[in-house]
Amino acid sequence: MKHINFLALFGVIFFNITLFSGVAIIAIALLPLAQKITFSLYEFFVRYIKYNQKTIYN
């Protein structure tokens, strides 16, 4: 029984490590893209707010 439990535990740990490293690799790969998206969204909001302020005050 102990042998089976050890194998199951090893499998779970190995799966978690694989999953985590996969997620980490994807996150590292997508980081520049995420930065670009965040920056463009920020720029869009700044322009949108400026445009709204112009339309409100004029």
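## Aromatic pairs in a one-helix model

Tyr-48 has a relative accessible area of 45% and is therefore partly exposed (buried is under 20%, exposed over 50%, partly exposed in between; 1.4 Å probe, protein chains only). The model is predicted: local features need pLDDT of at least 70 and side-chain atom pairs 80 or more, while totals for chains, interfaces and linings use all residues. Residues are numbered from 1 along each chain as its sequence is written, and side-chain values use heavy atoms, without hydrogens and water.

**Exercise 1.** Determine the fold content and overall dimensions of the protein.

*Solution.* Step 1: the protein contains one helix and zero strands (DSSP runs, H or I of at least four residues and E of at least two, numbered from the N terminus). Step 2: its C-alpha trace spans about 80 × 20 × 5 Å along the principal axes. Step 3: of the 58 residues, 0% are buried.

**Exercise 2.** Classify the pairs Phe-10/Phe-14 and Phe-44/Tyr-48, and place them in the helix.

*Solution.* Step 1: three aromatic pairs are present (ring centres within 6.5 Å, using the six-membered ring of Trp; planes under 30 degrees apart are stacked, over 60 edge-to-face, the rest tilted). Step 2: Phe-10 and Phe-14 have ring centres 6.3 Å apart and planes at 20 degrees, so they are stacked. Both belong to helix α1 (residues 2-57), four residues apart, about one turn. Step 3: the Phe-44 and Tyr-48 rings are also stacked, at 6.0 Å between centres and 20 degrees between planes. These two residues are four apart in helix α1, and therefore about one helical turn separates Phe-44 from Tyr-48. Step 4: ring pairs join Phe-44, Phe-45 and Tyr-48 in a cluster.
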